[in-house]
Amino acid sequence: SYTTDAKSREGNKKTLENLYSLSVDITKIRRLKEWVLLQDVAYVKEIAGILQEMGADETTVANIIERCPEAILHTPEEIKSQRALWQLVCQNEKQLIKLIEQFPESFFTTEYQQNQKANILFFQELGLKNNIITRFLTSAPNIFYNPVEKNKNVIETLQRNYLNLGGSEANKKIWILKLLSQNPFILLNTSTAIQDNLEFLRKNDFTDQEVLQLLSKLKGFIFQLNSTTMQKSMLFSKNIFKCSDQELKQLVLKCPALLYYSVPILEERLKGLLKEGISIAQIRETPMVLELTTQIVQYRIKKLSALGYDIKSGNLESLNGTKKDFEVTYGKIQSKKERPIFNPVAPLHIED
């Protein structure tokens, strides 16, 4: 609430004084969220006190408030409850304060405490390790705002489909835990969306085993798509590579990015590759290269060219993979180039 009476100005003045006493950079707050400084009530000293109790020094407290000014608008009771909640999964307060400093917005969202607690306990019961749950709390906090019944429903739908697709009862739990740890955002989908996407794959003649294979390869991202975008991407690939439905299916299994990326992204990446002198035939042979951004492709081609490796005449395998994979490939090509050619049967010329 924005108020301009004399009492509120006095209150604002008090907030500013308290922030100055903590060495907080007020200009940062003015630039970021000035409205916080205009509020009638703020709990600057109290929130700073709770953070200090957890082991935060003056610099850390100032850093947290500068990054998330609305922290000072929460009551001490709310923050104490949030602290107790996060302690359910944090090893100690040292780890907790480190997480708060890195992800203050996640910690200071206190409106969903009941849902957060119910979901934390549900994830623990499900078998997710505490370090995975803390990762979810910081990088995917939205999933804790859902009522726990909604998250349970999505997980039950996924497990049911896993079994229907031929997955084993023994592996069901491992499969869901792996899927969740790779992509917790699947919990933001509805059970209907999940069902629709699986139905789309079946209609496109993917066998149950192939659908399972795609789910594992796509790390659950398939559930964030919809049948319209998948259909468009597949049609685009079919036209570009001039292939039959069966051949297209094999390409998608080899490179699920053909299903996952939208047409504009695939188009842009394709143009980038063609610009480098790479042919459609080469891309069709190694479609996984479309998983890489144009910038990454250009950088890798440049590095390989410096070693005298001509990407236009070879296959594209050397471009593929993660940064680590590429470094290994690059290292092998480099050492092969530097290794002297030695003929074991050639006569040795030894000076007398």
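This is a short talk on the salt bridges in the structure above.

A word first: the model is predicted. How many salt bridges does a search of the whole structure find? The search finds 11. I'll walk through three pairs.

Start with arginine 30. Its partner in a salt bridge is glutamate 34. The closest N and O atoms sit 3.6 Å apart. Are these residues buried or exposed? Neither: arginine 30 is partly exposed, at 41% relative accessibility. Glutamate 34 is partly exposed too, at 39%.

Next, lysine 33. Its side chain meets that of glutamate 70 in a salt bridge, 2.8 Å from N to O. Where do the two residues lie? Lysine 33 is in helix α2, residues 26–33. Glutamate 70 is in the loop between α4 (58–67) and α5 (76–86). They are 37 residues apart, so this pair links distant parts of the chain. As for accessibility, glutamate 70 has a relative accessible area of 18%. The cut-off for buried is under 20%, so glutamate 70 counts as buried.

Third pair: glutamate 53 and arginine 83. Their side chains form a salt bridge at 3.1 Å, N to O. Glutamate 53 belongs to helix α3, residues 44–53, and arginine 83 to helix α5. The pair therefore ties together parts that are 30 residues apart in sequence. Now look at the two ends. Glutamate 53 is exposed, at 53% relative accessibility. Arginine 83 is buried, with a relative accessible area of 14%. Which residues join into one network here? Glu53, Arg83 and Glu93, through salt bridges that share partners.

That's the tour. Thanks.

Terms used:
Residues numbered from 1 in each chain as written. Predicted model: local features only at pLDDT ≥ 70, side-chain atom pairs only at ≥ 80, totals over all residues. Heavy atoms only, no water. Salt bridge = Lys/Arg side-chain N within 4 Å of Asp/Glu carboxyl O. Buried < 20%, exposed > 50% of the residue type's maximum accessible area, 1.4 Å probe, protein only. Helix = DSSP H or I, 4+ residues; strand = E, 2+ residues; numbered from the N terminus.
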